Amino acid sequence: MITELLELFAKKEGYHFFHHLKHPDLTQIEKALTGMQNKQIALYIHIPFCQRLCPYCSFVRYRYEETPALVYMKNLRKELELYLDLIQNTSTRVRSVYFGGGTPTLLIYPLIDMIRYLQDRLGIEEFSVETHPEDLTLEKMKALSKNGIKRLSIGVQSFSDDILRKLGRLNANSNFAQKAISMAQGNFDTVNVDLLWDLPQQTISHIEKDIQTLFKLDVDQATFYPILPTPNKKTLLERQFHKINRGLFRKNHTHKRIYEFIQNTMKEHYIPSTVWCFSKNGTKIIDEYVVDCTEYIGMGCGSVSMVNDYYNVNTFPVDKYNKFLSQGNLPIVRSNKLSDWQLSNYQLLTKFFGVRVPKKNILQNISKKRERWLKIKLAVLKKFGYLVENKNFFQLTPKGMYQVNLLMRQTFVGMNTLRERCLEGGI
Ligand SMILES: C[S@@+](CC[C@H](N)C(=O)[O-])C[C@H]1O[C@@H](n2cnc3c(N)ncnc32)[C@H](O)[C@@H]1O
Ligand code: SF4
């Protein structure tokens, strides 16, 4: 019962949050950026092009064509420069950069140019890049590792060809993925493999095969994404992946059973880095800049940022994004300054998504009011057995990990709904 109530709470909060985003006050947002002192932030850079569009995918993505993709990359660079000019006189340090998509490696040379620019201008060393297994050639892999990319994330989704076919994946042949992983392993600090679960017609044996293949290939890290529904998806093919009726007050417990199976099987060789991600040596990690850095700037169409208590959302359609940048403007279309209540929820969710939270990371440098909210919420979570506490850390229990997985999924439903509505409405 408590599980359902917490999920209902997350749904309500998510709805309230995403539906009450306002038109941005750019002067205030720029003031928040220039006022960021002694912060360590992450950059997320979105490159939305793919060879083929998978029907289940909930990210902003477009079919790759060279000319518009190159125009987009030029505008990304303009957006990057606008932000770097705003933060250059602050003591804020950019700690890491994550290139997500889409399939960023489709634009390997413009991508490498941008990485070199960031290395020269800011001296950043931590770069992560996402790729599709069929896009990762030996040449691209060498270009990435030679230019300082530390972490590579490969979107495998499943090691079963029947599931890949149902997912509408290019070629639907998991041998490509196995080859890409073997080629990449050892050439980066971390190679991450993305897998999907809770898919229609996927069984525990499919998941078992996925995990045994991870063990066989000795993969550094694996992220198990539950399929994150987008209630507004329109076509029949898309909608089969976007049923959300299993979320609240579910009659069957498949979702929980699969999650526990993943937790229990992965723990033979891996340690959880987030509630969805398992690492061989337990070191962190590739994807979750929101866990490591409370503040981050998202660039590219449909990206979001969290800076100095402002949550900002970029325009979603690529043509609108290009128009903003060609006029020299930040492409922010929605924004909100978060209240102490919202910030404490946001912080709880993102920090506990990382499973183990140093106390100093969650309770230091925050307002008295936010600290009070956090302490009350932490006490409630402890009471229900979702977390344990020692001298320096809070840590989720396995039951708590399942709970945070549900809350995170619910938050993504809110985010995905916003994304589809904005794309539809040209926002
Ligand atoms: C944006 S993709 C980039 C990787 C690359 N384009 C690929 O597909 O191989 C990153 C990951 O997001 C995950 N993803 C995409 N759509 C999703 C959805 N609706 N629910 C859950 N995860 C999703 C997939 O596992 C994918 O590998
Ligand atoms: S899952 Fe990857 S390849 Fe498929 S549409 Fe999404 S970003 Fe593109």
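Where is the place of Phe176? It is in helix α7. The legends below start with the whole fold and then move to single sites and helix pairs. The model is predicted.

**Figure 1. Overview of the predicted protein, with 16 helices and 17 strands.** The radius of gyration is 21 Å, close to the 22 Å that the globule rule gives for 427 residues, so the protein is as compact as a globular protein of that length. Along the principal axes, the C-alpha atoms fill a box of roughly 55 × 50 × 40 Å. Of the 427 residues, 44% are buried. Among contacts with a separation of 6 or more, 73% join residues 24 or more positions apart.

**Figure 2. Close-up of Phe176 in helix α7.** Phe176 has 20 other C-beta atoms within 10 Å and is therefore buried. Residues with 20 or more such neighbours count as buried. Leaving out residues up to four places away in sequence, Phe176 touches Pro133, Glu134 and Asn171. Lys382 lies 206 residues from Phe176 along the chain. The C-alpha atoms of Phe176 and Lys382 are separated by 45 Å.

**Figure 3. Close-up of Ala172 in the loop between α6 and α7.** Helix α6 covers 161–166, and helix α7 covers 174–184. Ala172 is not a glycine, yet its phi is positive, about 45 degrees. Inside 10 Å there are 17 C-beta neighbours, so Ala172 counts as partly exposed. Ala172 touches Asp161, Leu164 and Arg165, with residues up to four places away in sequence not counted. Ser160 is 12 residues from Ala172 in sequence. From C-alpha to C-alpha, Ala172 and Ser160 are 8.6 Å apart.

**Figure 4. Close-up of Gln157 in strand β6.** The strand comprises residues 151–157. Gln157 is a residue other than glycine with a positive phi, near 75 degrees. Gln157 counts as buried because it has 25 C-beta neighbours inside 10 Å.

**Figure 5. Close-up of the cis peptide bond between Gly101 and Gly102.** Omega is about 10 degrees. Gly102 lies in the loop that runs between β4 and α4. Strand β4 spans 93–101, and helix α4 spans 108–122.

**Figure 6. Helix α3 against helix α12.** Helix α3 comprises residues 66–87, and helix α12 comprises residues 318–326. Their axes come within 9 Å and cross at roughly 50 degrees. That angle makes α3 oblique to α12. The crossing of α3 past α12 is left-handed. On the α3 side, the contact involves Val71, Tyr72, Asn75, Lys78 and Glu79. On the α12 side, they meet Val318, Tyr321, Asn322, Leu325 and Ser326. By class, this contact of α3 with α12 has five nonpolar, three polar and two charged residues.

**Figure 7. Helix α8 against helix α10.** Helix α8 comprises residues 204–217. The two helices pack at an angle of about 25 degrees, with axes 11 Å apart. Angles under 35 degrees count as roughly parallel. Helices α8 and α10 are therefore roughly parallel to each other. The crossing of α8 past α10 is right-handed. Helix α8 contributes Ile204, Ile207 and Ile211. These residues meet Ile258, Phe261, Ile262, Thr265 and Met266 in α10. By class, the contact of α8 with α10 has seven nonpolar residues, one polar residue and no charged residues.

**Figure 8. Helix α10 against helix α16.** Helix α10 comprises residues 254–266, and helix α16 comprises residues 398–425. Their axes come within 11 Å and cross at roughly 125 degrees. Helices α10 and α16 are therefore oblique to each other. The crossing of α10 past α16 is right-handed. Lys256, Tyr259 and Gln263 represent α10 in this contact. They meet Pro398, Met401, Tyr402 and Asn405 in α16. By class, the contact of α10 with α16 has four nonpolar, two polar and one charged residues.

Notes
Residues are numbered from 1 along each chain as its sequence is written. Chains are lettered from A and ligands numbered from 1 in the order in which they are written. This is a predicted model: local features need pLDDT of at least 70, side-chain atom pairs count only at pLDDT 80 or more; totals for chains, interfaces and linings use all residues. Axes are lines fitted to C-alpha atoms, for helices over the stretch in contact, and angles run from 0 to 180 degrees between N-to-C directions. Helices (H or I, at least four residues) and strands (E, at least two) are DSSP runs, numbered from the N terminus. Angles under 35 degrees count as roughly parallel, over 145 as roughly antiparallel, 65 to 115 as roughly perpendicular and the rest as oblique. A crossing is left-handed if the near helix is turned anticlockwise from the far one by less than a right angle, and right-handed if clockwise. Two residues are in contact if their C-beta atoms, placed from the backbone, lie within 7 Å. Ala, Val, Leu, Ile, Met, Phe, Trp, Tyr, Cys and Pro count as nonpolar, Asp, Glu, Lys and Arg as charged, and the others, Gly among them, as polar. The radius of gyration is taken over C-alpha atoms; the globule rule is 2.2 Å times the number of residues to the power 0.38. A residue is buried if 20 or more other C-beta atoms lie within 10 Å of its own, exposed if 12 or fewer, and partly exposed in between; C-beta atoms are placed from the backbone.
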